[in-house]
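Visitor: I would like a close look at one part of this model, the place where its chains come together. Could you take me through it slowly?

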Amino acid sequence: MSQIIEQRLEGLGIFLQEAPVAVGNYVPCVIDGNLLFISGQVPIENGTVRFKGHLGKDVDVETGQQAARLCCINLLTQAKAALGDLDRIERLVRLGGFVAATPDFTDHAKVINGASDLMVEVFGDQGLHCRAAIGCSSLPLGSAVEVEALFHIKS
Amino acid sequence: MSQIIEQRLEGLGIFLQEAPVAVGNYVPCVIDGNLLFISGQVPIENGTVRFKGHLGKDVDVETGQQAARLCCINLLTQAKAALGDLDRIERLVRLGGFVAATPDFTDHAKVINGASDLMVEVFGDQGLHCRAAIGCSSLPLGSAVEVEALFHIKS
Amino acid sequence: MSQIIEQRLEGLGIFLQEAPVAVGNYVPCVIDGNLLFISGQVPIENGTVRFKGHLGKDVDVETGQQAARLCCINLLTQAKAALGDLDRIERLVRLGGFVAATPDFTDHAKVINGASDLMVEVFGDQGLHCRAAIGCSSLPLGSAVEVEALFHIKS
C-alpha cells in the first residue's frame with residue numbers, strides 16, 4: 001500500500017526526520033484504544049529550538065506561524081514513529097495550541113493556523129479538528145509555540 | 001420528544017442564536033464515537049467580543065463570571081449546531097477554563113464558575129464535570145475568558 | 001488482593017489523606033467508560049496551598065518540582081477516592097502540567113518532572129504518559145503549579 005499522507009508531505013517539501021526526544025520523564029505518544037495522544041511539541045529542528053521568544057514582542061505573526069508549522073511537523077514525526085505509517089490515521093480530533101505571548105497580543109488564532117493549515121493540507125477533511133488556542137507567559141526551552149494533538153486511528 | 005435542555009435554557013432567559021464561526025482553520029465541534037469535543041469559545045455576542053481585558057487589572061471577578069457564562073452559552077450553541085438537539089447530550093465530562101489574568105490574580109476558580117454554574121443549572125447532575133482552570137498571559141482577540149468542553153453523547 | 005500501588009506509595013513515605021475538595025462548582029473526577037478524568041490539582045496540603053508564587057521569580061526549580069509532586073499526590077488521592085483502589089488503574093494516559101512562570105522562565109519540563117517522575121516510580125511502565133507543560137501568568141489561589149490527569153482504568 002502506498003503511503004499517501006507521507007507522499008503529500010513530501011509534495012509540500014516536508015521530509016520527516018527522526019522524532020525529537022521528550023524533554024522530560026514522559027513519552028511522545030500514547031495509544032489508548034483508537035486514540036493517539038501526542039505530547040506537546042515545541043519548534044525543535046535538528047535538536048535545537050528554532051523559534052524562541054514571545055509573540056507581541058520579539059516574534060511576529062508570520063514567524064509564529066512558521067513555529068506552529070514546525071510543531072505540527074514534529075507532531076507528525078512522532079505519529080509516524082508511533083504508528084509506522086501515517087495512513088493509519090483516520091482523523092485529527094483536537095489540537096491544543098500554546099503561544100508564548102505578551103498581555104496585549106491578540107492574534108493567537110492566526111499563529112496556531114500555522115499548524116492547523118498544514119494538518120488540513122495533508123489530511124484534507126480528515127484533518128479538520130477542534131482546537132483551543134491560548135497565550136502562555138512562557139513555554140519550555142523558551143519556545144515561541146507549543147502544540148499537542150489527539151488523533152483517531154483506524155482499528 | 002420535547003427539548004428539555006433548551007427549555008431549561010429558555011427558562012433562564014437564554015435563547016441560543018446562530019453559532020459563532022471558528023476564528024481559524026478548524027471546526028467548532030468534532031464527534032468521535034460518543035465524545036463531542038468543542039473548540040475553545042470566547043465571549044463573542046453578535047459577532048463581537050463582549051468581554052475583553054485581564055482579570056486582576058481591568059476586568060473584575062463578577063464581569064469575568066459573565067464572560068465565562070457567555071463562553072458557556074457559545075459552547076451550548078455549538079453543541080446544538082452539531083447535535084441538532086441538546087437532549088442528545090448524556091453528560092458533560094470536562095471543561096478547560098482559560099482566564100486572561102495578571103500574575104497576582106488568584107480567583108480563576110470563581111471566574112470559571114460562571115461557566116460551571118450554568119452547566120450544572122442546565123444539565124443537573126449530568127452537568128457535573130472535571131475541569132482545569134488556569135491563567136493565561138492573553139487570549140485570542142483580547143478575550144477575558146475562553147472555555148472548551150468535552151461532552152459524552154447518547155448512543 | 002493486596003493494594004500494590006498504594007503499598008509502593010507507602011514505600012516512598014507517601015500516605016494518601018482525605019481528598020482535597022474542589023474549589024469551584026465541579027467534581028474532582030469523572031469516569032467515562034474506561035477513562036478517568038481528574039480535575040487540575042494544586043499543591044494543597046492539609047487545606048492550605050503549600051507552594052505559591054512564580055517560577056523564575058520567587059520559586060526555584062527544585063521547589064517547583066516539590067509542588068508538582070504534591071499535585072501528583074493529590075491526583076492519586078482523588079483517583080483513590082473515585083476508584084476505591086488504585087490497582088484499578090490500567091495506565092496513565094496524559095498529564096497536563098501548568099507552571100506559574102515569568103516570561104523568561106524556560107525549565108517548565110524540569111518542574112513538571114516532579115509529577116511525571118512520581119507517576120513512573122509508582123506505576124512503572126504503566127505510568128509512562130503523554131504530557132503538555134506550559135507557563136501560566138497565574139494559577140488558582142496563587143499556586144505555583146497545577147496538574148491534571150487522564151487515566152485508563154481496567155474494565
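Guide: Gladly, and please keep in mind that this is a predicted model. Let's begin with the empty space: the structure holds four cavities of 30 Å³ or more, and the largest of these takes up about 540 Å³. A total of 34 residues line that largest cavity, and those closest to its centre are Arg94(A), Arg94(B), Arg94(C), Glu148(B) and Glu148(C). By residue class, the lining of the largest cavity consists of 23 nonpolar, four polar and seven charged residues. Keep Arg94 and Glu148 in view, as both names return below when we reach the salt bridges.

Now for how the copies are arranged. Turning chain A by 120°, with a shift of 0.0 Å along the axis of rotation, superposes it on chain C at an RMSD of 0.0 Å. This is the relation of a three-fold axis. Chain A can likewise be laid on chain B by a turn of 120° and a shift of 0.0 Å along the axis, again with an RMSD of 0.0 Å.

Next, the contact between chain A and chain B. Here chain A contributes 27 residues and chain B contributes 25 residues. Together the two chains bury about 2,000 Å², with 59% of that area on carbon and sulfur atoms. On the side of chain A, the three residues Cys130(A), Arg131(A) and Ile134(A) supply 25% of the area this chain buries against chain B, more than any other three residues. As for polar features, 15 residue pairs are in polar contact between chain A and chain B, counting pairs with both residues at pLDDT 80 or more. The interface of chain A and chain B also has one salt bridge: the side chain of Arg94(A) meets that of Glu148(B), at 3.1 Å from N to O. Both Arg94(A) and Glu148(B) are among the residues closest to the centre of the largest cavity.

Let's turn to the other neighbour of chain A. The contact of chain A with chain C takes 25 residues from chain A and 27 residues from chain C. About 1,900 Å² is buried between chain A and chain C, and carbon and sulfur atoms give 58% of it. Between chain A and chain C there are 15 residue pairs in polar contact, with both residues at pLDDT 80 or more. One salt bridge crosses this interface too, and in it the side chain of Glu148(A) meets the side chain of Arg94(C), at 3.1 Å from N to O.

Which surfaces do the copies use to meet? Just 11% of the interface residues of chain A are also interface residues in chain B, so these copies meet through different surfaces. For chain A and chain C the figure is only 12%, so there too the copies meet through different surfaces. The salt bridges illustrate this nicely: chain A brings Arg94(A) to chain B, and Glu148(A) to chain C.

Methods
Residues numbered from 1 in each chain as written. Chains lettered and ligands numbered in written order. Predicted model: local features only at pLDDT ≥ 70, side-chain atom pairs only at ≥ 80, totals over all residues. Heavy atoms only, no water. 1 Å grid on protein atoms, 1.4 Å probe; cavity = no way out; pocket = protein on both sides within 12 Å on 5 of 7 lines; lining within 4 Å. Points joined across faces, edges and corners; volume = space filled by probe spheres on them. Nonpolar A, V, L, I, M, F, W, Y, C, P; charged D, E, K, R; others polar. Least-squares fit on C-alpha atoms with pLDDT ≥ 70 in both. Contact = heavy atoms within 4.5 Å. Buried area = accessible area lost by both parts, 1.4 Å probe. Salt bridge = Lys/Arg side-chain N within 4 Å of Asp/Glu carboxyl O. Polar contact = N/O pair within 3.5 Å; in protein donor to acceptor, adjacent residues only side chain to side chain.
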